[in-house]
Every structure is written in C-alpha cells, then in structure tokens.
Amino acid sequence: MKPYFAGSSRFVIAVTVLILVFAAFPASVTGKEKASIENIIIANTRDDLIAYFDVADAFTEKMKQAVLNGIPATFSFYTSIFKPRSAWFDKEIAEKEITSTLKYNSLKEKFTITRPWHTTQVCVTETFDKARKKMTEIDNLKIVSLDRLIKGEKYQLRIKAELKRVTLPLYLHHVLFFVSLWDLETDWHTIDFIY
C-alpha cells in the first residue's frame, strides 16, 4: 500500500512553499507593527472639505518581502467628521472608507497601485519606494461636502489606516505566521478644526 502523500505534487509544492516562507521570514514576527498617521492637512475646494496625510512606518521589511513574493497589499483608510458636543456624544457628520492596493508582477518587474478613490487609472512603477509612497501618501481626499458644515463651528477629523488581511492559497491557511505579518493598523488620529 502506498503512503497517502506519495507522488502528490500538491504536497510537494506546499512543503516547498512553507520551507521558502520560513527561510525568507524569521519566526520572530511580533504581531502588530506601529504605523502612524502624520502630516495631516485640512483644506477645502469651493464645494468639499479635503484632507492630505501620510502613513509612516506602514511597510516593514517583512511586508516588503511578502509583496516582492507576489502577495498583494491592500490598505484601508477610514475618515470621519464629528461635531463635538459637551453635553452628549459627539455627532458624526460623515464617514468614508477608501482602499489602495499594491501588487508586484515579478515577470515584468513592475508594481501596480490601484487607488479607485483617486483615479480610475492604475499607477505603474518600477521601484518599491515609489510604490510605497503612492500607497501611503493620501492627497486630495474628499471628506465631506461643505454644505454639511456650518461656518465658524468646531469639528473633529478622525483618521485611521489598516492593512487588510490577505487571502492565502488553501494550503497556506494553517500558517499562523502570516496572520501576524499582515496585522497592521494605526491608532485613530484626531485633529480639531474650525470651518
């Protein structure tokens, strides 16, 4: 009688991938990395309140290697506008979630960045640094229509970024190591302003 895995190419591929993964990434992955929201600028156009901000320390060396090995990275950015109230809970005026996705094509040696909130065109670059910059620098993001705000009133903008978990092939779902690799989020960053 043959052993269960004898001749199974799926088993050989799975074992090979696991060996490569553990060789590429040390076992000392500590869990959540500390990324942060920085350089927030609030401005407005004639019709909308817009924001600019950066996410610092969003890509660790391990995440960079994972992207270079073909695992896509998707960041979600959450923004909310609140009207602070002293006697009651703050009133939420608007909330928004946007995503940006980074993929690497090793055959073409190019990075593609999709930012549907910004443009319908896909951005293509040849360097990881340019791709990282496109992923972590948010510019000209429409937060709320100005007709929903009252002149001279105090408001609060809250921003958070989070790396979405990646969907792995079925034979890698049991590798807990990936769970911590992709478990990155910032704290909520709050900025007060008067419109």
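Start by selecting F53 and F77: both are buried. Keep in mind as you look around that this is a predicted model.

**Stop 1: an aromatic pair**

Show the side chains of F53 and F77 as sticks. Their ring centres are 6.1 Å apart and their planes stand at 65°, so this is an edge-to-face pair. Now colour the strands that carry them. F53 belongs to strand β2 (residues 48-56) and F77 to strand β3 (residues 73-83), so the pair ties together parts that are 24 residues apart in sequence. Eight aromatic pairs turn up in a search of the whole structure.

Next, add F59, F75, Y104, F111 and F128 to your selection. Together with F53 and F77, these residues form one aromatic cluster.

**Stop 2: the nonpolar core**

Keep F59 on screen and add I81 and L102. The largest nonpolar core has 38 residues, and these three touch the most other members. Strand β8 (residues 154-163) is worth highlighting here, since its five residues are the biggest contribution to this core.

Which residues are in contact with L102, leaving aside its neighbours within four places in sequence? Select F59, V67, P72, A73, F111, T112, I113, F128, A131 and M135 to see them.

**Stop 3: helix α3**

Some of those partners lead you to helix α3 (residues 128-136), where F128, A131, M135 and T136 are buried. Look along the helix axis: these four residues cover an arc of only 120°, which puts them on the same side of α3. Then turn to the face that points away from this buried side, where you will find the exposed residues D129 and K130.

**Stop 4: charges over rings**

Two more selections are worth a close-up. K151 lies over the face of Y195, at 4.7 Å from the ring centre. R158 lies over the face of F82, and here the distance from the ring centre is 3.7 Å.

**Stop 5: zoom out**

Switch to a cartoon view of the whole chain. You should find four helices and nine strands. Following the chain from the N terminus, the elements run α-β-β-α-β-β-β-β-α-β-β-α-β.

Of the chain's 195 residues, 37% count as buried. Among contacts between residues at least 6 apart in sequence, 66% join residues at least 24 apart. Finally, turn on the surface: the chain exposes about 12,100 Å², with carbon and sulfur atoms supplying 54% of it.

Notes:
Residues are numbered from 1 along each chain as its sequence is written. This is a predicted model: local features need pLDDT of at least 70, side-chain atom pairs count only at pLDDT 80 or more; totals for chains, interfaces and linings use all residues. Side-chain values use heavy atoms; hydrogens and water are left out. A nonpolar core is a set of buried Ala, Val, Leu, Ile, Met, Phe, Trp, Tyr and Cys residues joined through side-chain atoms within 4.5 Å. Buried means under 20% relative accessible area, exposed over 50%, partly exposed in between (1.4 Å probe, protein chains only). Helices (H or I, at least four residues) and strands (E, at least two) are DSSP runs, numbered from the N terminus. Contact means heavy atoms within 4.5 Å. The arc is that of the directions from the helix axis to the C-beta atoms. Rings of Phe, Tyr and Trp (its six-membered ring) pair if their centres lie within 6.5 Å; planes under 30 degrees apart count as stacked, over 60 as edge-to-face and the rest as tilted. A charge sits over a ring if NZ of Lys or CZ of Arg is within 6 Å of the ring centre and within 35 degrees of the ring normal. Accessible areas come from the Shrake-Rupley method with a 1.4 Å probe; for residues, only the protein chains shown count as cover.
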